[in-house]
Structures are given as structure tokens and as C-alpha cells.
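Biologist: Thanks for joining me! Could we go through this one together, taking the domains and then the cysteines?

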Amino acid sequence: MVVGDASLDIDLLVVGAGPGGYVAAIRAAQLGQKVIIADKAKFGGVCLNVGCIPSKALINSAHHYESMLHASDFGLSAEKVSVDFGKVQEYKTSVVNKMTGGVEMLLKANKVEMFNGEVMFINENEARLFNDQEAPRYRFKNCIIATGSRPIELKPFPFGGRILSSTEALSLPELPKSLIVIGGGYIGIELGQMYSKFGTKVTVLEGADTILPGFDKDMSQLVVKKLKKSNVDIVNGALAKGAEQTDKEVTVTYEVGGEQKSVTADYLLVTVGRRPNTDGELGLELIGVKVGERGLIEVDDQCRTNIKHIFAIGDIVPGAALAHKASYEAKVAAEAIAGLPSKVDYKCIPAVAFSDPECASVGYTEKEAKEKGLKVKSSKFPFGGNGRAVTLNGADGFLKLIHDVDTGLVLGAQIAGVEASNMIAELGLAIEMGATIEDIALTIHAHPTLAEITMDAAELAMGHPIHTLAPKS
């Protein structure tokens, strides 16, 4: 306990307990640091509590429901199939509790001290941790800031009532009959498609000419095809103007092609990006940590801020706001603090959308490679040529492999299809290790598996495909 208001000495203070913070705390503890980690919310951060994990639990339930509705496709009969959305939410909560409980167990096992409450810097070497019960003061040798991000709130669409952020959309007590989604990025499409599978009438308003703008258009078009089968209306080139809500519904006005239109639904979900949590009572400006115009903290290749013993990782630094990027940076920062020569090397960071079909990308796209002046070739193998994909009723999809023409080095890959999220790892490893298309083609892949698609794409790239026809010269 604190005597008076004296500071307790600690090696490392970690602010934020998401996929960046808790990984940093554990890695630092493994390296001999005395660590305390603090978070005002439940440990596990946005990802485990109101992001990646609960959304995938709901998506999994929606997939099972859709499969039951189409059981006859597999020679099965299922009668009176229905959704108990309360039970679905209970399943989701059980998954979240299991994962967050696991994080706390791991922190405890690694002798990391945990504090549930706010953090406010006093100076560049001290911080006050506080909650309703206590307010200890700590003097730290190093600090890692991993406070994450929150949904961007637009002035015409303030969160509350029938206007939801992704956080509220994951915890609706009842299944909405209709839903409007502003933003056709991966969050909007994942949640919108999930609800559509449960039977909700979904309308997506997207300002760009395609959904999932971070992926190649031939990938997003497969998702569009599936969305339309689920009776989802997609309005591209739409500019949302405002919303009016009652206690039962919300009406959104928008402009498309110079024409004013409106749509009404039970709820409105706004998914237009996320804002870094670098403002508020943390006091970064008080201690002189430089924060850019967009709220992002500039760091070096060891995740150091302009104050050499204060580090920043995850959504609050430049780059993609991805949980796995935060975890990677966490290990680099913890190892740098321990004196190891670790540095970030973003050679390839995979990106995944858990849409249907799933979309995954790593390394260069063909367009990006050519813009860099690289001489590349693209080889596209269809999922329809893979036995395992066909048995899973997942023949719609493809794997596109990008390689250097002169060296054969794998430079990038894009996958749209069933289990793309799991398949992309092999190609990320190939890029990291400097593998060639021949290395992949000569690697024996188990049969029948989806992984064979990667081997087949490599053989196609070499000009001697077995399970598809070689393109004409």
C-alpha cells in the first residue's frame, strides 16, 4: 500500500490491456521487468470485449443458422429452424468471458500486477492510477502506451438510442427486422452481413464505388454477390446527410447521383473508422509526448516516442489499426526496453475481412507492385478446382499469387473464399522467408485440404498447373 502520497517504484507501466498492452506486459515480465498494467475497462481491450472476438462469435452463429436453413443442399432435413437471439448473445458472452479470463490468468501467471482504473500522467516519470477505491501513484523507468481506439462519431449521427456504433451493435437484446449501415468497410460489412444471415433487412450506404475498399475489386465483388443473395441493398456513391429517430425507428437521408433519398429501419449502424485514444485525461500533452493532427503518436522503429523511455503501440501510432499489428509492436517495445535490438519490420502485415466469402491479403497487390516499378506476374487459381472447397460448398473464390518474374520470389497474395483468414498465414510466411513460387510448389500439401490451393496457384504461376488449365500465351 502507499504510505501518504509517496510513489511506488515500478520498472514498466503499461497503459491499456488490449492485444497490444497485455502482450507487452507479458513479454516484458518474461524478460525480467517488474510490470503493472492498467485499463479502465475489462482486460482484453476492444478486441476481446467489443470487437474481434464477439463479432466472430456472432458471425459463427449466423453461419450455422444459414447452413441449417439450407440443410437440404447437403441431403439433410431441418424443420422449424428459428433464432433465439438472447441465447445467441449468451453464447457470445461466454466466448468473451473465456477469452478475457484467459488474459487475466496469463498476466497473473507471469506475475504482472493488474489495476482496473484510469491513468493520468503527473510527469514523464510518474503517473496516478485511480478508481473508486484507490489512487496509487507510481514512478516508472519505462512506459508503454497502448490505449487503442474508439468508433468515430459523426455530428449528424450522434450515438445513442437507435443510432449505434459497432460496440452497441454487438449487444442488441433483440434481432432487428431492419438495419441501415453507413460505411461499407470491413466492420460494416461483417456486422451487416451477420445480421442479414439472421433475417434482418440490411441497407448499406457506402460513399465509394465499391464496398471493402481495402481489397481488390474482384474480391469485393464476390462478397457483393453473396450479400445480394441475402437481400442486402448496397448503395454506392452515397453521401449520408442526417438522421431522425423515434423510440421505434430511425430514418436516414442521403444523396446519391444528385438525388435526395431516405431509408427507414429499426436501427442505424455507423462504421466510418476509428479514432485513436490519445486525448482525454491521460495527460500526454502535460508530459510532452508529441501527438499529430490525427491524434496519432509518432514513434521510431522501436516504438519509442519523442521521450526515449515512453513507448506507444497499436491503434495510436501510424499504420493499420489491426490487433495483430499491435501485438507485434508490443513485443518489439518490450524487448527494446529490455535492451534487445528488436525493431519493427512491416514486411508484410496480413489484412482479413470476415465477410462471406472471407477476404484476406498480404504483401503487395499486383497494382501496388507495378506502381513500385516491380516486374511481376499474377496467377489466379479458382476454389472450384479444389476438392475440399467443393465439399464445403465453397467453390466460389480464388487465390491470387503475385511473384517477381525474374527471381520467382513471392511478393503478395490475395484470397477470397472459405477459410481465407486461415490460409493467408502460409503466404505471409513465404514472403517473410523469401520463398519462391517453386518452394511452395515443391512443398507437399496434405490432401484434401484448402491449403492445396496455395500449391496449385504456385504451379499455375510456374506454367504447369495440374488442377486448372494453363492460360494461353
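What follows is a short conversation about how two domains meet and about the cysteines.

Biologist: Into which domains is the protein chain divided?

Modeller: Happy to start there, with the reminder that this is a predicted model. Domain 2 covers 163–272 and domain 3 covers 357–462. The remaining one, domain 1, is written in two segments, 8–150 + 275–338.

Biologist: How much area is buried between domain 2 and domain 3?

Modeller: The C-alpha centres of these two domains lie 31 Å apart. Contact between them involves 9 residues of domain 2 and 13 residues of domain 3. Carbon and sulfur atoms give 66% of the buried area, whose total is about 860 Å².

Biologist: Which three residues supply 54% of the area that domain 2 buries against domain 3?

Modeller: No other three residues of domain 2 supply more of that area. The trio is Asp216, Met219 and Leu222.

Biologist: Lovely. How many salt bridges are there between domain 2 and domain 3?

Modeller: A salt bridge needs a side-chain nitrogen of Lys or Arg within 4 Å of a carboxyl oxygen of Asp or Glu. Lys225 and Asp396 form a salt bridge, with their closest N and O atoms 3.6 Å apart. Between domain 2 and domain 3, the count is 4 salt bridges.

Biologist: And how many charged residues does the side of domain 2 that touches domain 3 have?

Modeller: Between the two domains, 3 residue pairs are in polar contact. By class, the domain 2 side has 5 nonpolar residues and no polar ones. Its charged residues number 4.

Biologist: Now the cysteines: how many disulfides does the count come to?

Modeller: A pair of cysteine sulfur atoms must be within 2.5 Å to count. For Cys143, the nearest cysteine sulfur belongs to Cys303 and is 13 Å away, so by that cut-off Cys143 is in no disulfide. The count comes to 0 disulfides.

Biologist: Is Cys143 buried or exposed?

Modeller: Under 20% relative accessible area is the cut-off for buried. Cys52, at 31% relative accessibility, counts as partly exposed. Cys143 has a relative accessible area of 0%, so Cys143 is buried.

Key: Residues are numbered from 1 along each chain as its sequence is written. This is a predicted model: local features need pLDDT of at least 70, side-chain atom pairs count only at pLDDT 80 or more; totals for chains, interfaces and linings use all residues. Side-chain values use heavy atoms; hydrogens and water are left out. Domain bounds come from an automatic or database domain assignment. Contact means heavy atoms within 4.5 Å. Buried area is the accessible area (1.4 Å probe) that two parts lose on being put together, summed over both. A polar contact is a pair of N or O atoms within 3.5 Å; within protein, one must be able to donate a hydrogen and the other to accept it, and residues adjacent in sequence count only if both atoms are side-chain atoms. Ala, Val, Leu, Ile, Met, Phe, Trp, Tyr, Cys and Pro count as nonpolar, Asp, Glu, Lys and Arg as charged, and the others, Gly among them, as polar. Buried means under 20% relative accessible area, exposed over 50%, partly exposed in between (1.4 Å probe, protein chains only).
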